Amino acid sequence: MNLSTFARNSYRFVPALRSSSLFIPQRLQPARTQWNRVCKPVAIVAVLRHYSKRGDYEMSVDKDELKQRLTPLQYSVTQEHGTERAFTGEYYKLKDDGLYHCVVCDAVLFKSDTKYDSGSGWPSFYDLAEKGMVKLHRDSSHGMVRTECVCAKCGAHLGHVFDDGPQPTGLRYCINSASLKFDPKKKPEKSDL
């Protein structure tokens with residue numbers, strides 16, 4: 001099946017593509033025949049691009065199981081590309097030593113020694129725990145062009161990365177607390193000897 005056949009078949013099964021009112025306000029809509037000829041292929045290409053980048057991860061996740069295991073905010077952030085309100089996240093002000101894991105698949109993403117206060121309202125890190133733990137995608141939602149961070153293992157949305165961070169990397173990984181799980185570093189027990 002070639003791309004144009006796939007796009008024509010997908011159009012029938014994706015409700016958002018059938019409803020022209022999702023794309024253009026009613027008063028600005030062209031005649032129905034003109035809408036189908038001009039706008040439908042663009043919408044299909046956008047949907048195909050979105051789904052093509054979601055399938056190249058080590059592990060697939062069961063959405064029903066995640067809905068049971070995660071809080072509504074965690075599910076919204078990691079699976080629906082949502083965000084938590086600034087200055088409200090559980091790990092925003094946390095200064096303890098430890099590791100930050102993906103809340104979906106438990107992959108180690110960040111270390112506490114790379115966390116800093118950026119003033120953005122979300123936990124910020126200037127480096128990853130290990131190279132390749134995060135994949136980056138272009139995000140042009142909300143009228144902005146940003147770089148989205150997703151977990152390289154499961155594809156969970158984490159946040160965004162910007163190039164205004166401190167040295168040595170110059171990066172600021174601006175991450176939602178809801179996409180993270182903190183594992184504190186255990187302190188050695190004192191000996192009575």
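1. Strands 6 and 7. In this predicted model, Cys-149 has Gly-159 of strand 7 as its bridge partner. Strand 6 and strand 7 run antiparallel to each other and are joined by 4 bridges. The hairpin they make has 5 residues between the strands, and Gly-155 there has a positive phi near 85°. Strand 6 is largely enclosed by the rest of the structure, because 5 of its 6 residues are buried.

2. Strands 5 and 6. Strand 6 also pairs with strand 5, again in the antiparallel sense, through 6 bridges. Asp-139 is found opposite Arg-146 of strand 6. Here the hairpin has 6 residues between the strands, and His-142 in the turn takes a positive phi of about 60°.

3. The sheet of 6 strands. These pairings belong to an open, antiparallel sheet whose strand order is 3-4-8-7-6-5. Its edges are strand 3 (115-116) and strand 5 (134-139), each of which pairs on one side only. Further along the order, strand 4 (residues 124-125) and strand 8 run antiparallel and are joined by 2 bridges. Ser-124 has Cys-174 in strand 8 as its bridge partner. As background, the strands of a sheet are held in pairs by backbone hydrogen bonds, in a parallel or an antiparallel arrangement.

4. Arg-172. Is Arg-172 of strand 8 buried or exposed? Arg-172 is buried, at a relative accessible area of 12%. Its side chain has a polar contact, at 2.8 Å, with the side chain of Asp-164. Leaving out residues up to four places away in sequence, Arg-172 touches ten residues that a viewer can look up one by one; among them are Tyr-116, Ser-124, Phe-125, His-160, Phe-162 and Asp-164.

5. The sheet of 3 strands. A second open sheet, also with antiparallel pairing, has the order 2-1-9. Strand 2 (108-111) and strand 9 are its edge strands, each pairing on one side only. On average, neighbouring strands of this sheet are turned by 30° against each other, direction ignored. Strand 1 and strand 2 are antiparallel and share 3 bridges; Tyr-100 has Phe-110 in strand 2 as its bridge partner. The hairpin of these two strands has 5 residues between them, and Asp-106 takes a positive phi near 70°.

6. The nonpolar core. The largest nonpolar core has 25 residues. Those touching the most other members are Cys-102, Val-104, Leu-109, Phe-110, Cys-151, Tyr-173 and Leu-180. Two or more residues come from each of strand 1, strand 2, strand 6 (146-151), strand 7 (157-162), strand 8 and strand 9. Leu-109 is a useful residue to display: residues up to four places away in sequence aside, its contacts include Tyr-100, Cys-102, Leu-128, Met-133, Cys-151, Leu-158 and Leu-180.

7. Aromatic pairs. How many aromatic pairs does the whole structure hold? A search finds 7. Tyr-91 and Phe-182 form a tilted one, 6.2 Å from centre to centre and with 50° between the planes. Tyr-91 lies in the loop between helix 6 (72-80) and strand 1 (98-102), and Phe-182 in strand 9 (residues 180-184), so this pair ties together parts 91 residues apart in sequence. Both rings belong to buried residues: the relative accessible area is 9% for Tyr-91, and relative accessibility is 16% for Phe-182. Ring pairs join Tyr-91 and Phe-182 with Tyr-100, Phe-110, Phe-125 and Tyr-173 in a cluster.

8. Helix 6. Which residues of helix 6 are buried? They are Gln-74, Tyr-75, Val-77, Thr-78 and Gln-79. The cover over these buried residues includes helix 5 (63-69) and strand 7. After helix 6 comes His-81, with a positive phi near 60°.

9. The chain as a whole. There are 6 helices and 9 strands in the chain. Of its 193 residues, 38% count as buried. Among contacts in the chain with a separation of 6 or more, 53% are between residues 24 or more positions apart.

Technical notes:
Residues are numbered from 1 along each chain as its sequence is written. This is a predicted model: local features need pLDDT of at least 70, side-chain atom pairs count only at pLDDT 80 or more; totals for chains, interfaces and linings use all residues. Side-chain values use heavy atoms; hydrogens and water are left out. Rings of Phe, Tyr and Trp (its six-membered ring) pair if their centres lie within 6.5 Å; planes under 30 degrees apart count as stacked, over 60 as edge-to-face and the rest as tilted. Buried means under 20% relative accessible area, exposed over 50%, partly exposed in between (1.4 Å probe, protein chains only). A polar contact is a pair of N or O atoms within 3.5 Å; within protein, one must be able to donate a hydrogen and the other to accept it, and residues adjacent in sequence count only if both atoms are side-chain atoms. Contact means heavy atoms within 4.5 Å. Two strands pair if DSSP finds at least two bridges between them. Axes are lines fitted to C-alpha atoms, for helices over the stretch in contact, and angles run from 0 to 180 degrees between N-to-C directions. A nonpolar core is a set of buried Ala, Val, Leu, Ile, Met, Phe, Trp, Tyr and Cys residues joined through side-chain atoms within 4.5 Å.
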